[in-house]
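Student: I'm new to this one. Could you walk me through a single part of the surface, slowly?

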Amino acid sequence: LAIITTTPVRAEVQIEAYGGLNENFSSDVTVRKGAVDDSRSVDWDGKSFALPPYWGVRGIYWFDAHPNWGVAVDYMHAKAYGKINFTTDPVYSKLEFTDGNNILTANLMYRFGDAGQRFRPYMVAGLGLAIPHVEVGLKAFPAQETLEYQVTGLAALALVGLEYQLTPRWSAFIEGKLSYTRIDADLDGGGSLTTDIWSPHLALGLSYRF
């Protein structure tokens, strides 16, 4: 990074949009509020095609002096629904991040091959913020349901992708990626919910090059 950023550059810019799907691995969830103190493993459903669907956008700068290296900002909207029988569960009436287990990351990118190649594989790694829409209801506090966006902790992203150049300006791409979000959420009326969600993703998108 020091070598790249200290070299005068003329940036090639790409703007990308993508859709796809995600799943979520099981995670340990701890909730503490008043007399409620519950820790358990929870399975999560991604429901990527239910509204609002899975999507993301990304802006990339590829450096002219080091054309295989780039930096990017990526915003991704994925989801996680707690797979709990809320009718019979003694603690939760709701547990989900359905307006997004959203991730905002700053990324370092490396692409293989040379300009003009139709197919170019690439790798990405990034760090940033988890910005989920926290939706938590506890049966012991029916009037204090949490429904809000929060910055809940660290997010991380790693992926491999393959770009196919359609025209000098337009490309299509496919990506497989793994994300991590730390969720340390504040609950309405006090209390907290914590968990760490790991999610595999498959994304398809289009890119426009300036």
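Tutor: Sure, let's start with a nonpolar surface patch of about 1,100 Å², made by Leu21, Phe49, Phe119, Leu162, Tyr164, Leu166, Trp170, Ile174, Leu202, Leu204 and Leu206. Keep in mind that this is a predicted model, where local features need pLDDT of at least 70 and side-chain atom pairs count only at pLDDT 80 or more, while totals for chains, interfaces and linings use all residues. Residues are numbered from 1 along each chain as its sequence is written, and side-chain values use heavy atoms, with hydrogens and water left out.

Patch residues have over 30% relative accessible area and no salt bridge; like charges are joined within 9 Å, and nonpolar side chains (Val, Leu, Ile, Met, Phe, Trp, Tyr) within 5 Å. Areas come from the Shrake-Rupley method with a 1.4 Å probe, and for residues only the protein chains shown count as cover. A salt bridge puts a side-chain nitrogen of Lys or Arg within 4 Å of a carboxyl oxygen of Asp or Glu.

Now the strands (DSSP runs of at least two residues, numbered from the N terminus). E11 (153–165), E12 (170–186) and E13 (192–209) each supply at least two residues of the nonpolar patch, and E13 gives the largest share, three residues. Trp170 lies in E12; it counts as partly exposed because its relative accessibility is 41% (buried is under 20%, exposed over 50%, partly exposed in between, with a 1.4 Å probe and protein chains only).

Ser199 also deserves a look: this residue lies in E13 and, at 1% relative accessibility, counts as buried.

Definitions and conventions:
Helix = DSSP H or I, 4+ residues; strand = E, 2+ residues; numbered from the N terminus.
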